Amino acid sequence: MVDPSEPVVLADPAVIDGLDYWRTLPIAQQPSWPSADAVAEASAELATLPPLVFAGEVDILRTRLASAARGEAFLLQGGDCAETFVAATANQIRDRVKTILQMAVVLTYGASMPVIKMGRMAGQFAKPRSSDTETRGGVTLPAYRGDIVNGYDFTPESRMADPSRLVRGYHTAASTLNLIRAFTQGGFADLRQVHSWNQGFARNPANVRYEHMAREIDRAIKFMMACGADFEALKRTEFYISHEALLMDYERPLTRIDSRTGTPYGTSAHFLWVGERTRQQDGAHLDFLSRVRNPLGVKLGPSTTPQQVLDLIDKLDPEREPGRLTFITRMGAGRIRDVLPELLETVKASDATPLWVSDPMHGNGLTTPNGYKTRRFDDVVDEVKGFFEAHRSAGTHPGGIHIELTGDDVTECLGGSEQIDEATLATRYESLCDPRLNHMQSLELAFLVAEELGARSLTA
């Protein structure tokens, strides 16, 4: 919020000009808008709308992420592969938040440190695609790039990029964020209530291995209550939003100048990341993100070289600012142990201290014979284990996990305690892009990661 008693600091004109320098650079993964005037009109409207997040909130998150980079906190980042407008209902938003809160309680206990809660929510509407087009039955149409660009239905009308969807995306993000704030500040996040949800999960015979940890958490909460802990403070929690900064016609108009400092902040989310397909060193996305004050993430796949990592640090974190840069590794279970150690050693030998986070989802995709895109839960778990192993060997901090999940009981990923198999996938496969862990699989992963964190704290 702006304090009216404080003087307003204006941005240097060169800073403003710099925010549009990306327009002169190569840019990937942008839609083919049918009308330049229509997209300019939509962006102009976005520029007049209130920010979704505020600079002060972004600054707090940066300090939290700096703690995680030092090994004093842990980041839990989760949510849909690609949010849809129709799924932005109170019940579905509530269930996603609930799942993240449940996971966070378990991770907090396992890590014996604060857990930063961040959703892939309130803005994760755009998706990069491997091809500009999709062909079905001899008919070729533009690829689905997320609800903020076009529709999923395979018709020419639906697949045409529609700039008005940019504005609808903003309003959907605003209503989603409004509910998130209500849920996390209005008693829904009460630690005692969240823990009671997890007790039900652990009592399920399929999850009996986690019952002991659930009992231990219960004892800890009862001990705090017996000591007179102030549960008013424990009824609320910080919750941050994030998305891939993909569409420049959305990100640029939602970039605002902080009146306290005269510096630019992306106000579409607290945390923005750039993906494997758009992190070109000389590209538009990195240039633009290098100019905003938000904490930034970069996805690193198995082909990432040590030199590329150092170049990314120089580009996005030239001041070596704690909490500024997060590397999100997505190597695949079969590659993580081969690729990550050299990257960790390279950065460790430098003067940078980025936060390292595991994305065990995107490197483990497969397609079943009946055409379903899926992931094996065991591969997800194995990549997380490989992530922790690499950090133990390097003496560095495994700082978080980045998960595609839903609070619903979908059947999109194979395995887990529910033993979802290929025949079961068709039961409730609802994702329009990539498969997500369902509610039960997400909690199971949280207990498994908590075991890794607990083992790490015992050896620290």
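**Aromatic contacts, a helix crossing and selected residues**

The charged end of Lys98 is placed over the ring of Trp197, at 4.7 Å from the ring centre. This is a predicted model, and the contact with Lys98 makes a convenient entry to its aromatic groups. Trp197 also belongs to a cluster, in which ring pairs link it with Phe183 and Phe188. A second charge of this kind is found at Tyr152, where the charged end of Arg159 sits over the ring, 5.8 Å from its centre.

A search of the whole structure returns eight aromatic pairs. One of them joins Tyr144 and Tyr152, whose ring centres are 5.3 Å apart; the planes stand at 85°, so the pair is edge-to-face, the class for angles over 60 degrees. The two partners can be told apart by their accessibility. Tyr144 has a relative accessible area of 3% and is therefore buried, since this falls under 20%. Tyr152, with 34%, is partly exposed, because this value lies between the 20% limit for buried and the 50% limit for exposed. Tyr152 is thus a residue with both a ring partner, Tyr144, and a charged end over its ring, that of Arg159.

Tyr372 and Tyr429 offer another geometry. Their ring centres are 5.0 Å apart and their planes meet at 50°, so this pair is tilted: the angle is neither under 30 degrees nor over 60. The pair links distant parts of the chain, with the two positions 57 residues apart in sequence numbering. Tyr372 lies in the loop between strand S12 (365–367) and strand S13 (373–375), while Tyr429 lies in the loop between strand S14 (400–404) and helix H14 (439–459). Tyr372 has a relative accessible area of 24% and is partly exposed.

The loop that carries Tyr429 also holds Gln419, between S14 and H14. Gln419 is not a glycine, yet its phi is positive, at about 55°. Its relative accessibility of 64% is over 50%, so Gln419 counts as exposed. Ser112 can be described in similar terms. Its phi is near 55°, again a positive value in a residue other than glycine. Ser112 is located in the loop between helix H4 (90–111) and strand S2 (115–120), and with a relative accessible area of 63% it is exposed.

Attention now turns to a pair of helices. Helix H12 (residues 336–348) and helix H13 (residues 377–394) have axes that come within 9 Å and cross at roughly 35°. The crossing is right-handed. On the H12 side, the contact is formed by Ile336, Arg337, Leu340, Pro341, Leu344, Glu345 and Lys348. The residues they meet in H13 include Asp382, Glu383, Lys385, Phe387, Glu389 and His391, as well as Gly386, Ala390, Ser393 and Ala394. Sorted by class, the contact of H12 with H13 contains seven nonpolar, three polar and seven charged residues.

Where does Ala122 lie, and is it buried or exposed? Ala122 is placed in the loop between S2 and strand S3 (133–136). With a relative accessible area of 0%, under the 20% limit, Ala122 is therefore buried. Setting aside residues up to four places away in sequence, Ala122 touches Glu83, Ala173, Thr176, Leu177, Ile241 and Ser268. Between Ala122 and Arg96, which are 26 residues apart in sequence, the C-alpha to C-alpha distance is 12 Å.

Ser67, a residue of helix H3 (residues 55–69), is likewise classed as buried, at 18% relative accessibility. Once residues up to four places away in sequence are left out, Ser67 touches Glu72 and Ala73.

Two residues of helix H2 complete the picture. Ala40 is in this helix, which covers residues 36–48, and has a relative accessible area of 46%, so that Ala40 is partly exposed. Thr48 is also found in helix H2; at 62% relative accessibility, Thr48 counts as exposed. Each has a separation to report. The C-alpha atoms of Thr48 and Leu254 are separated by 8.8 Å, with their positions 206 residues apart along the chain. For Ala40 and Asn438, 398 residues apart along the chain, the C-alpha atoms are separated by 39 Å.

Note on methods. Residues numbered from 1 in each chain as written. Predicted model: local features only at pLDDT ≥ 70, side-chain atom pairs only at ≥ 80, totals over all residues. Heavy atoms only, no water. Axes fitted to C-alpha atoms, helices over the stretch in contact; angles between N-to-C directions. Helix = DSSP H or I, 4+ residues; strand = E, 2+ residues; numbered from the N terminus. Left-handed = near helix turned anticlockwise from the far one by under 90°. Contact = heavy atoms within 4.5 Å. Nonpolar A, V, L, I, M, F, W, Y, C, P; charged D, E, K, R; others polar. Phe/Tyr/Trp six-rings, centres within 6.5 Å; stacked < 30°, edge-to-face > 60°. Buried < 20%, exposed > 50% of the residue type's maximum accessible area, 1.4 Å probe, protein only. Lys NZ or Arg CZ within 6 Å of the ring centre and 35° of its normal.
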